[in-house]
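Please look over the sequence and the model below before reading on. The paragraphs that follow go from the whole chain to a few of its aromatic rings.

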Amino acid sequence: MFSSSIIVAPMAGGPSTPELVVAAGQAGQLGFLAGGYKTAEALAGQLDRLADSGVPFGVNLFVPDPRPVDQQAVRGYREKLRHEAARYGIRLPELATEPDTDAWSAKMDLLFQQPVPFASFAFGLPSAAEARRLRSLGTEVIASVTTPVEAGAAAAAGATALIVQHANAGGHSAAFLDLDAKPGKAPLGELLAAVRQVSKLPLVAAGGIADAAGVAAALDAGASAAQLGTAFLLADEAGTRAVHRAALAGGEYPETARTRAFSGRWARGLANRFLLEHRDAPNGYPQIHHLTSPIRAAAAAAGDPDGVNLWAGTGFAKTSSGSTAEIIARLSGSSGGPSR
Ligand SMILES: Cc1cc2nc3c(=O)[nH]c(=O)nc-3n(C[C@H](O)[C@H](O)[C@H](O)COP(=O)(O)O)c2cc1C
């Protein structure tokens, strides 16, 4: 299914640009557009730019979760964030009362009207009917899973491949069944083997892969391809914010940690002040994502990395700058350049 071994991960919130996806394709690998957080119209515009490029590519969407969250816990967290609002001189938004689907239906309609070679999903699964319709249009349906149980559910829903995401991954956990579960301690190779027990679908390994040896190890462990995000955050073509680039390259934050502080859903980022001070943030995605949005924006505008979600996987210290083609050459083992 994958004619290349490296997938440039979708990275919503700015890092993924059409230029990054095109550069991945031109370097012989596969890139994904990040549909998350965008309007359907903005995604349509990016799709048009990709269609003109002639390279194969994928689109990634966030699946809305209909389960209710504990509103009292989210309101309590909003109270705790008042001092952050004062620090950055912003007003905390009111909590939304309407469910936020991230324009799921409009974005799926787009994929039905303008079929793409690959569609991947995070935070849930398309329905069996939606998956069937995508498959009938020639679109590979790739589900992100974090456990063998999720892999079984994805296979049952009609996925044609699975992204097996380890908890070392930068950005959000794609987990969709048990949002409070602590991640297992098994390394990525063991997680791949455990998922292989429940599904024969092609597997894409993700999470903490940072160099050519890591890509090779994932392929040796039975993955058809490796999906990397953090490794491309410093790429010339990425839209990563200046404050995020500087933090990744600067060495001020030696560790990553998992947190719900920024969005109400577990994610891994550089362990900065905001992450460390709000370790008790409740389960409350996407309301908490919207709640902290002005804080993150104000901190970024002020060049303060301590108030920004600095998503990064555990392998971030090996992340290098340069063109996407150069980074791909290093990850393919065909270039031995320095790691920073
Ligand atoms: C900044 C950032 C944004 C991300 N956004 C998305 C996204 O929109 N959709 C998605 O499926 N995964 C997203 N991810 C997770 C990646 O798909 C992938 O699982 C992860 O980057 C792999 O771990 P690594 O960062 O250690 O390579 C994001 C990761 C990062 C670092």
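How much area does the chain expose, and what share of it do carbon and sulfur atoms supply? In this predicted model, the exposed area of the chain comes to about 13,900 Å², and carbon and sulfur atoms supply 53% of that area. Turning from the surface to the interior, buried residues account for 55% of the 340 residues in the chain.

The fold itself is made up of 13 helices and eleven strands. The chain has a radius of gyration of 19 Å, close to the 20 Å that the globule rule gives for 340 residues, and it is therefore as compact as a globular protein of that length. Measured out along its principal axes, the C-alpha trace spans about 50 × 50 × 40 Å. Among the contacts with a separation of 6 or more, 66% come from residues that are 24 or more positions apart. As for charge, the chain carries 29 positive and 30 negative side chains, and the centres of these two sets lie 3 Å apart.

The aromatic side chains offer a closer view, since the structure holds eight aromatic pairs. One of them joins F2 and F118, whose ring centres are 5.7 Å apart and whose planes meet at 15°, so the pair is stacked. Because F2 lies in the segment before β1 (6–8) whereas F118 belongs to strand β4 (residues 118–122), this pair ties together parts that are 116 residues apart in sequence. Both partners count as buried, F2 at 14% relative accessibility and F118 at 9%. Elsewhere, ring pairs link Y37, F62, F123 and Y285 into a cluster.

Definitions and conventions. Residues numbered from 1 in each chain as written. Predicted model: local features only at pLDDT ≥ 70, side-chain atom pairs only at ≥ 80, totals over all residues. Heavy atoms only, no water. Helix = DSSP H or I, 4+ residues; strand = E, 2+ residues; numbered from the N terminus. Rg over C-alpha atoms; globule rule 2.2 N^0.38 Å. Buried < 20%, exposed > 50% of the residue type's maximum accessible area, 1.4 Å probe, protein only. Contact = heavy atoms within 4.5 Å. Areas by Shrake-Rupley, 256 points an atom, 1.4 Å probe, with all protein chains shown as cover. Lys, Arg positive; Asp, Glu negative; His and termini not counted. Charge placed at Lys NZ, Arg CZ, Asp CG, Glu CD. Phe/Tyr/Trp six-rings, centres within 6.5 Å; stacked < 30°, edge-to-face > 60°.
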